[in-house]
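I sat down with this one to jot notes as I looked things up. Here is what went into the notebook.

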Amino acid sequence: MTRAELIAALVAATGPSRELDAQVHEADAVSPNWKKWLFADGSISVLIPPYTGSIDVALMLVPEGNYWIVACGKTRSDEPLYGARVLPPTFDPDAVPLGEGESDASAATALCIAALRAGEA
């Protein structure tokens with residue numbers, strides 16, 4: 001799955017998704033040492049963090065040193081409930097966001113979208 005396909009899948013999500021969490025983890029490889037177990041038969045099991053269900057975990061995707069905003073609420077009936085932005089580390093009110101995301105699935109999903117888009121910038 002390409003990054004663009006992953007972002008599209010996150011935008012289309014209807015709730016937190018362990019399948020999408022696995023895709024995000026594989027695409028970003030944020031924490032390669034995240035709770036791995038090596039079994040006697042040589043297989044490896046990895047505990048995938050809940051990126052789409054936890055803002056704290058989704059924050060691991062935000063490029064280090066950048067600012068971020070997560071919000072809940074609607075100003076129009078046709079917009080998603082959650083929104084997120086990743087911003088450059090500046091106090092300039094006119095700074096262009098590095099990534100933005102919106103989702104009805106969860107605030108964490110919106111942050112995943114924004115962070116993955118920021119990673120493309």
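Before the pocket, some terms: I take helices (H or I, at least four residues) and strands (E, at least two) as DSSP runs, numbered from the N terminus. My model is a predicted one, where local features need pLDDT of at least 70 and side-chain atom pairs count only at pLDDT 80 or more, while totals for chains, interfaces and linings use all residues. Residues are numbered from 1 along each chain as its sequence is written, and side-chain values use heavy atoms, with hydrogens and water left out.

**Pocket.** I looked up the largest pocket (on a 1 Å grid over the protein atoms alone, an open set of points where a 1.4 Å probe fits, with protein on both sides within 12 Å along at least five of seven lines; lining residues have an atom within 4 Å of a point). Its volume is about 220 Å³, counted as the space filled by probe spheres set on the points, which are joined across faces, edges and corners. I found 15 lining residues, with G73, E79, Y82, G83 and E102 nearest the centre. Strands 3, 4 and 5 each supply at least two residues of that lining, and strand 4 gives the most, with 4.

**K74.** I then checked K74, in the loop between strand 3 and strand 4. Is K74 buried or exposed? Neither: K74 is partly exposed at 44% relative accessible area (buried is under 20%, exposed over 50%, partly exposed in between; 1.4 Å probe, protein chains only). Skipping residues up to four places away in sequence, K74 touches E79, P80, L81 and D104 (heavy atoms within 4.5 Å).

**Core.** Next I went to the largest nonpolar core (buried Ala, Val, Leu, Ile, Met, Phe, Trp, Tyr and Cys residues joined through side-chain atoms within 4.5 Å). It has 26 residues, and those with the most contacts inside it include L6, V86 and C112. Helix 4 (107-120) is among the elements giving two or more residues, and helix 4 gives the most, with 10. Among the contacts of V86 beyond four places in sequence I noted Y67, W68, A114 and A118.

**Rings.** Last, I counted 1 aromatic pair. Y67 and F91 form it, 6.0 Å centre to centre with 45° between the planes, so it is tilted (Phe, Tyr and six-membered Trp rings pair with centres within 6.5 Å; under 30 degrees is stacked, over 60 edge-to-face, the rest tilted). Y67 sits in strand 3 and F91 in the loop between strands 4 and 5, 24 residues apart. Y67 is partly exposed at 33%, whereas F91 is exposed at 77%.
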